[in-house]
Amino acid sequence: MKLYDYPYSSAAYRVRIALNLKGQTVEAVPVDLREGRQCSADYHALNPTGLVPSLDTGEGLLGQSLAIIEYLDERFPEPPLLPAGAFARARARSLALQVACDIHPLNNLRVRQYLERELGVSEEQKLAWYHHWLRLGLDALERQLAGSGSLFCCGDTPGLADICLVPQLYNARRFGLDLAPYPRLVAIDTACQRLEAFANAHPDHRRSDE
């Protein structure tokens, strides 16, 4: 398999974590978003959305991180990334989608670039936008996960919700958001970072490999 990857893409970060949890190695193909490589004709021919990550599975190409992660979970069932039981699985997906669909799309690179280049938004205004949507999303996640005695989002083993949460908290720190109001989320993140699968997927680790 080949993973078209960018270290600081939180969507690609999710897939790297999932691959590590599954014990799968892939050929990494860098797509430098800062240089606009995702907009090249070659990459658009591969993935018309111009987004990362993309996974060449050997039987076809997949985009969209959550679809890729569910594919990996079905193809390599151990360890499972979703808990047992219909409700528990739906809740895990709900938590993951709050990050992947409600927080991340409003703050990703192409949105920030549009705010700056097309709407003339200042750096200060752009950061305020970023923090606003982060706080709304993280406030909700903190309330939902507070009071749980589990080590991770949905139990005592990491799964889909943790895979989405950790990259989002990385970005929150990167853009200077105070995480003090989110002790439960920070505790989950700390537990995840102790695991090799998460640590080896970290953007700083990826940069050191280049």
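Buried means under 20% relative accessible area, exposed means over 50%, and partly exposed is anything in between (1.4 Å probe, protein chains only). The model here is predicted, so local features need pLDDT of at least 70 and side-chain atom pairs count only at pLDDT 80 or more, while totals for chains, interfaces and linings use all residues. Residues are numbered from 1 along each chain as its sequence is written, and side-chain values use heavy atoms, with hydrogens and water left out.

**Exercise 1. Place Asn171: find its element, its burial class and its contacts.**

Step 1: Asn171 sits in helix α7; helices here are DSSP runs (H or I, at least four residues), strands are E runs of at least two, and both are numbered from the N terminus.
Step 2: its relative accessibility is 7%, so Asn171 is buried.
Step 3: for contacts, look for heavy atoms within 4.5 Å. Skipping neighbours within four places in sequence, Asn171 has Tyr8, Ser10 and Tyr130.
Step 4: check the Tyr8 pair along the chain. Asn171 and Tyr8 are 163 residues apart in sequence, yet 8.4 Å apart in space, C-alpha to C-alpha.

**Exercise 2. Count the disulfides and explain the result for Cys101 and Cys153.**

Step 1: recall that a disulfide is a covalent bond between the sulfur atoms of two cysteines. The cut-off used is a pair of cysteine sulfur atoms within 2.5 Å.
Step 2: try Cys101. The closest cysteine sulfur belongs to Cys164 at 8.7 Å, so that pair is too far apart for a bond.
Step 3: try Cys153. Its closest cysteine sulfur is in Cys154, and 5.7 Å is again too far.
Step 4: the count is zero disulfides.
Step 5: add the burial classes. Cys153 is buried at 4%, Cys154 is partly exposed at 27%, and Cys101 is partly exposed at 48%.
Step 6: finish with the setting of Cys154, which lies in the loop between α6 and α7. Beyond four places in sequence, Cys154 is in contact with Arg91, Ala92, Leu95 and Ala161.

**Exercise 3. Describe the largest pocket and its lining.**

Step 1: set the rule. On a 1 Å grid over the protein atoms alone, a pocket is an open set of points where a 1.4 Å probe fits, with protein on both sides within 12 Å along at least five of seven lines; lining residues have an atom within 4 Å of a point.
Step 2: get the volume, meaning the space filled by probe spheres set on the points, which are joined across faces, edges and corners. For the largest pocket that is about 880 Å³.
Step 3: read off the lining. There are 38 residues, and the closest to the pocket's centre are Leu51, Val52, His104, Asn108 and Leu109.
Step 4: sort by element. α1, α3, α4, α5 and α7 give two or more residues each, and α4 has the largest share, with six.

**Exercise 4. Work out how the largest nonpolar core is built.**

Step 1: define it as a set of buried Ala, Val, Leu, Ile, Met, Phe, Trp, Tyr and Cys residues joined through side-chain atoms within 4.5 Å.
Step 2: list the hubs. Of 48 residues, Ile17, Leu72, Leu138, Leu141 and Leu185 touch the most other members.
Step 3: find the main supplier, which is α7 with nine residues.
Step 4: note that another core of six residues lies apart, including Tyr4, Val31, Leu33 and Val52.
Step 5: zoom in on Leu185. Not counting residues up to four places away in sequence, Leu185 touches Leu138, Leu141, Glu142, Leu145, Leu165 and Leu169.
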